[in-house]
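Trainee: I am new to this structure and would like a close look at a single part. Please start with one strand, then work outward to what surrounds it.

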Amino acid sequence: MREALAAAAEAAAAGEVPVGAVVVQGNTVLARAANRTVRDQDSTAHAEVLALRDASRVLRRWRLDDCTLVVTVEPCAMCAGALVLSRIARVVFGAWDEKAGMVGSVGDLLRHPRLNHRPEVVSGVLADECGALISRFFASRRAGAQT
């Protein structure tokens, strides 16, 4: 999670929503990414999707059934769908996202009983630190909009 937090901090410094993600296989980091929606002008350039793409390139396969994705914030619907389709074995996230999270907050796509793959989920890892990073980012954006 520390590696994902570092990526999220880099995203914040670049003016992106500070979300960072890492894909690991055992103790090996395969991919590390941060949100790039603004930089790339791409609504799908979320940290999780970018990390999954990079990990698949490294492994030269789309199935990531022996990998874990670690992300600073609960995945949204798009990212949760990508995680299911990638067959990721495990998802670890930090802060809950009460507005858009699809791993328990708004809905729970990762553990939906009708889907063909349901990864293990671990939530709340360094949640206070992950939540504080994103809260500070949006507070500074709101403060800037008022001046």
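Mentor: What follows begins at one strand and moves out to its surroundings. Keep in mind that this is a predicted model.

Start with strand 1, which covers residues 20-25. Is it enclosed or open? Five of its six residues are buried, so strand 1 is largely enclosed by the rest of the structure.

Now look at its partners. Strand 2 spans residues 28-34 and runs antiparallel to strand 1. Six bridges join the two. Two of these pairs can be named. G20 has A34 of strand 2 as its bridge partner. V22 stands opposite R32. The hairpin between these strands leaves two residues in the turn. One detail there is worth finding: G26 has a positive phi, near 65°.

Strand 3, residues 68-73, is also paired with strand 1. Here four bridges make the join, and the strands again run antiparallel. Pick out V22 once more. In strand 3 its bridge partner is V70. So V22 is a handy place to begin tracing, as it has R32 on strand 2 and V70 on strand 3. One general point helps as you trace. In a regular strand, side chains alternate between the two faces of the sheet.

Strand 3 leads on to helix 4. The buried residues of helix 4 pack against strand 3, and also against helix 3 (47-59) and strand 4 (90-95). Which residues are these? They are C79, A80, G81, L83, V84 and S86.

Stop at S86. It sits in helix 4, which runs over residues 77-86. Its relative accessible area is 7%, which is under the 20% cut-off, so S86 counts as buried. What does its side chain reach? It comes to 3.3 Å from the backbone nitrogen of I88. Setting aside residues up to four places away in sequence, S86 touches L52, W62, R63, L64 and D65. Just after helix 4 comes R87, and its phi is positive, near 65°.

Strand 3 leads to another feature as well. V73, within the 68-73 run of strand 3, is one of the residues nearest the centre of the largest pocket. The others named there are V17, D97, I134 and F138. In all, 22 residues line this pocket, and its volume is about 560 Å³. Which element gives the most to the lining? Helix 5, residues 127-146, with five residues. By class, the lining has eleven nonpolar, five polar and six charged residues.

Last, go to helix 2, residues 37-40, where you find T37. Is T37 buried or exposed? Neither: it is partly exposed, at a relative accessible area of 22%. Beyond its neighbours within four places in sequence, T37 is in contact with E16, D42, S43, A45 and H46. Compare its position with S135. The two are 98 residues apart along the chain, and their C-alpha atoms are separated by 19 Å.

Key. Residues are numbered from 1 along each chain as its sequence is written. This is a predicted model: local features need pLDDT of at least 70, side-chain atom pairs count only at pLDDT 80 or more; totals for chains, interfaces and linings use all residues. Side-chain values use heavy atoms; hydrogens and water are left out. On a 1 Å grid over the protein atoms alone, a cavity is a set of points where a 1.4 Å probe fits but cannot get out, and a pocket is an open set with protein on both sides within 12 Å along at least five of seven lines; lining residues have an atom within 4 Å of a point. Grid points are joined across faces, edges and corners, and a volume is the space filled by probe spheres set on the points. Ala, Val, Leu, Ile, Met, Phe, Trp, Tyr, Cys and Pro count as nonpolar, Asp, Glu, Lys and Arg as charged, and the others, Gly among them, as polar. Buried means under 20% relative accessible area, exposed over 50%, partly exposed in between (1.4 Å probe, protein chains only). A polar contact is a pair of N or O atoms within 3.5 Å; within protein, one must be able to donate a hydrogen and the other to accept it, and residues adjacent in sequence count only if both atoms are side-chain atoms. Contact means heavy atoms within 4.5 Å. Two strands pair if DSSP finds at least two bridges between them.
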